[in-house]
Amino acid sequence: MPEESRRMYKLEYPSPEVSADGNTGPTLIVALQGYADAGQAVSASADHLMAALENRLVASFNTDELIDYRSRRPTVTMENNEVTKIEKLALAMRVLRDIQGQHFLLLSGPEPDLRWDAFTHAVADLARKYNVSRVVSLYSAPMTVPHTRPLVISAHGTSPELMQDLFRFDGSVVLPGSAALQLESVLGEQRTPVAGFTAHVPHYVASSPYPEATLKLLRSVAHNAHLDLPLQTLERDWERVAQQLSEQMEDSAEIQHVVGALEQQYDEEVERYRTRHPKAVLPGEEDVPSGEEIGEEFERFLANLDEEE
């Protein structure tokens, strides 16, 4: 391990198993909090995966090297005039198993305030160590979109396979940098397939938990990175929040007017995108499986029949 990386993170001992999927290595999901996390979708995605799936610590990063505690002050609990608990800011990489037992890696915790170059190269070092085959970074941004239309997941990156038919912006986009975006650049330079998925959260609910964004982000990861993730609880959470939003809208003519204007704007943009990308699968539309995918599914079906016999 390079000396710089040695100071940046500590490997767990004994090291947990991180096995490959067939001839390829594991997927790395990056869910760093603090940059673009509208509706708390990025942090909720990491929390959901760690709560729902078996996981083991792989590497813990040195937060004293990376975090400015004055700008991100940990919560302190006092009881009977004594400090009894101080929140631990943990930035770590874990290995998880999906429902089928397939390994993947999750990098989660607060986005570093300091030393982005050292941090991103340390993560790239870990990606090489564990033979990572693809990387997906999660983002969530407040947008002028209505909650009454299908939530959009837009994609960017170097891997057409990872982005598939997700919504993509045409032309140039200039935006503030982040540690996760810099990591995408570093990993792309070492020829690792990389993609970033961004949930478009209605701006008027961006400060509150928004389960649809979490659900759609993880659905996109599951589909495009070929992982089997448990999402039923997120579906129920979204149904509950959707019902609450519907009731609030029914009680306010002002909200109905604002949402109606956003719906018109959304529909017009979808039609413009359809014109530019006639073969794209648009939000709310089902992706029709290819002949190859149907054949693979049929082969799995026959294999299961053989095993049962």
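Two residues are in contact here when they have heavy atoms within 4.5 Å of each other. With that in mind, welcome to this predicted model of a protein chain. Among its contacts with a separation of 6 or more, 79% are between residues 24 or more positions apart. The chain has 309 residues, and 43% of them count as buried. Ten helices and ten strands make up its list of elements.

**The surface**

- The accessible surface of the protein chain comes to about 17,100 Å².
- Carbon and sulfur atoms account for 49% of that surface.

**The sheet as a whole**

- Eight strands form an open sheet with mixed pairing, and their order is 1-3-6-7-2-8-10-9.
- Strand 1 (9-11) and strand 9 (153-157) stand at the edges; each has a single partner strand, so one side of each is left without a neighbour in the sheet.
- Neighbouring strands of this sheet are turned by 25° against each other on average, direction ignored.
- As you trace a strand, remember a handy rule: in a regular strand, side chains alternate between the two faces of the sheet.

**Following strand 2 and its neighbours**

- Start with strand 2 (27-33), where six of the seven residues are buried, so this strand is largely enclosed by the rest of the structure.
- On one pairing, strand 2 meets strand 7 (residues 103-110) in the parallel sense over seven bridges, and Leu28 stands opposite Leu105 there.
- Strand 2 also runs parallel to strand 8, joined by four bridges.
- Two residue pairs help you find this second pairing: Ile29 has Val136 as its bridge partner in strand 8, and Leu28 stands opposite Val135.
- Leu28 is therefore a good residue to click on, as it stands opposite Leu105 in strand 7 and opposite Val135 in strand 8, with pairing defined by the bridges that DSSP finds.

**Strand 8 and strand 10**

- Strand 8 (134-143) has eight buried residues out of ten, so it is largely enclosed by the rest of the structure.
- Strand 8 runs parallel to strand 10, and nine bridges join the two.
- Val135, already met opposite Leu28, also stands opposite Val194 in strand 10.

**An antiparallel pair**

- Strand 3 (residues 55-61) and strand 6 (residues 92-97) run antiparallel and are joined by five bridges.
- To find this pair on screen, look for Ala59, whose bridge partner in strand 6 is Met93.

**Helix 7 and what it touches**

- Helix 7 (residues 211-224) lies across strands 2, 8, 9 and 10, and runs at about 155° to strand 10 (194-202).
- Helix 7 also packs with helix 8 (residues 232-250), at an angle of about 145° and with the axes 8 Å apart.
- The crossing of these two helices is left-handed.
- From helix 7, the contact is made by Pro211, Glu212, Thr214, Leu215, Leu218 and Arg219.
- From helix 8, Leu234, Glu235, Asp237, Trp238 and Val241 take part.
- Sorted by type, the residues of this contact are six nonpolar, one polar and four charged.

**A buried valine in helix 9**

- Val270 sits in helix 9 (residues 253-276).
- The relative accessible area of Val270 is 18%, and buried means under 20%, so Val270 counts as buried.
- Leu282 is twelve residues away from Val270 in sequence, and their C-alpha atoms are 7.6 Å apart in space.

**Unusual backbone spots in the loops**

- Most residues other than glycine have a negative phi, and most peptide bonds are trans.
- Against that background, look at the bond that joins Tyr13 and Pro14: this peptide bond is cis, with omega at about 0°.
- Pro14 belongs to the loop between strand 1 and strand 2.
- Asn131 is not a glycine, yet has a positive phi of about 55°; this residue is in the loop between helix 4 (116-129) and strand 8.
- Arg191, also a residue other than glycine, has a positive phi near 70°, and lies in the loop between helix 6 (179-189) and strand 10.
- The relative accessible area of Arg191 is 76%, and exposed means over 50%, so Arg191 counts as exposed.

Notes:
Residues are numbered from 1 along each chain as its sequence is written. This is a predicted model: local features need pLDDT of at least 70, side-chain atom pairs count only at pLDDT 80 or more; totals for chains, interfaces and linings use all residues. Side-chain values use heavy atoms; hydrogens and water are left out. Buried means under 20% relative accessible area, exposed over 50%, partly exposed in between (1.4 Å probe, protein chains only). Accessible areas come from the Shrake-Rupley method with a 1.4 Å probe; for residues, only the protein chains shown count as cover. Axes are lines fitted to C-alpha atoms, for helices over the stretch in contact, and angles run from 0 to 180 degrees between N-to-C directions. A crossing is left-handed if the near helix is turned anticlockwise from the far one by less than a right angle, and right-handed if clockwise. Ala, Val, Leu, Ile, Met, Phe, Trp, Tyr, Cys and Pro count as nonpolar, Asp, Glu, Lys and Arg as charged, and the others, Gly among them, as polar.
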